[in-house]
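Let's take a walk through this one together. Have the chain open in your viewer, and we'll go from one helix out to the whole fold and back to a few single residues.

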Amino acid sequence: MWSHLKGSERFKEEIDWWLKENWISAEQANSLISRYELDQAPPWYRQSGIWIKAISILIVVMGVFLFISANWQALPIPVQMLAGLIPLGISYILAIRYYRQGKQNSAHLAMIFASLMLGANITLQAQIFHISAYFPDGVLWWIIGTIPVIFFFRSTFLAIVFQGLFLIWLFFQNEYFQFSLWSPILLIAFAYFVYRNPHWLDLLFMMGSLYMFLVNLIIAIEEKRMERIYDFELMPLFFGAYVLLFLTIFNFVKHDYSGRFAERLQTFLLTILVFFFYIFTFEGATEYIVQEIVKKGVPASFYALLIIAISLYWQQPKQAKMNVAFGIIGLIFIPALILSFIKVSRIESYTSGIFIVMNILFFAYCIWKIYYGISQREKGDFMRGIFYLFVWLIGRYIVLFEDYLTTSIIFILAGVGLYYLNDYWNKTIERQQASNQ
């Protein structure tokens, strides 16, 4: 029943009618609206009409582009120019006409077509006149020319498409070692749009845009390519700092998204941090990371991301999941900080110490996760704790493969413990939950 009523516009109209007839109080109406997420934007499949039309326009533009390409050599230059300019002009005229007639959706669709044809024209005219330039600038001006349309029509479809183009443009900026002041301007524009018009897919694109922008900014500040700033061994530190920063920013806006999406996104990002934590339970991986830190140190930009995340989280109500996230990052960065400022004479002994401590702490985290799930009656946390423990056991099996005695003791104790934990949940927790219902 809940899944059918969730986000239902018809159910929202019914609640408004109940309120009008005084069948329910305003407090009850608000409770129902919050419970069934009726104050959220309708899911994409309930807006399928505009989306399908927009996608069909995208397909038509691709077809027009292919048709022009197929006959390109046979067309004289004036016809080549008009082949792109005429559809662009017609779409602008239709958009203005529909908007004046009050046909908002039709005007929006016409401007979607015009926005896509704008990019086609930039490419076509550049090819016709053999304009030699830094070719990612064409993508840049395409984005800039479409930003006003995105905001005027509040077009989530165009925002998603052009955030994808923004990602492509940033990728080329990084590849060609370029930085433009348009980078922060466009990032702020897209971020503000997502803030004012929340949509889960647009938010995911924003996560990629922010990451690519930070890489572009670090390259510009360090004046080195990213692979020269840090090698593969330091990837857990950089990605860990970025994930923590994004989690902290997301906390400010997560109330604008459905509870299920917010929970899944936070869990997914926290799982990434747990994976980085897990890497340090392998002695070989820990040794490579320690050697890289001793040799190059940790770039200041990594710490800058952490400082920004801490300052932002300081202004928020504290949450258990975020406290865990900061704790995991602290466990990763504190040894790195020590290695960066203190010269270690014997790397092997220091590596062994980190390896042992990380295994103890990761095991303790698994046990805490299981305990937290039991105490809070949250089966998701309970099962994740068991899953992390299982993954840790597989890792110990690989590492201690030749140490049969130690491995056997660990597996026997863990297997017995997991059996009784599951039995305890099934007999006690689920029975209590069933009785409460």
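How many of the 19 residues of H12 are buried? The count is 15, so H12 is largely enclosed by the rest of the structure. Here, buried means under 20% relative accessible area, exposed means over 50%, and partly exposed is in between, using a 1.4 Å probe and protein chains only.

Before going further, a word on what you're looking at. This is a predicted model, in which local features need pLDDT of at least 70 and side-chain atom pairs count only at pLDDT 80 or more, while totals for chains, interfaces and linings use all residues. Residues are numbered from 1 along each chain as its sequence is written, and side-chain values use heavy atoms, leaving out hydrogens and water.

Back to H12, which covers residues 235-253. At 1.5 Å a residue, its 19 residues should span 27 Å (the expected span is 1.5 Å times one less than the number of residues), and the end C-alpha atoms are indeed 27 Å apart.

Zooming out, the protein chain has 19 helices and zero strands; these are DSSP runs, with helices being H or I of at least four residues and strands E of at least two, numbered from the N terminus. Of its 437 residues, 41% count as buried. Take the contacts (heavy atoms within 4.5 Å) with a separation of 6 or more: residues 24 or more positions apart account for 73% of them.

Now for single residues. Lys 369 sits in helix H17, residues 347-375. Is Lys 369 buried or exposed? With a relative accessible area of just 5%, Lys 369 is buried. Leaving aside residues up to four places away in sequence, Lys 369 touches Asp 381, Phe 382, Arg 384 and Gly 385.

Tyr 176 is in the loop between helix H8 (156-175) and helix H9 (182-196). Its relative accessibility is 41%, so Tyr 176 counts as partly exposed. Look for Pro 136 too: Tyr 176 and Pro 136 are 40 residues apart along the chain, and their C-alpha atoms are separated by 9.8 Å.
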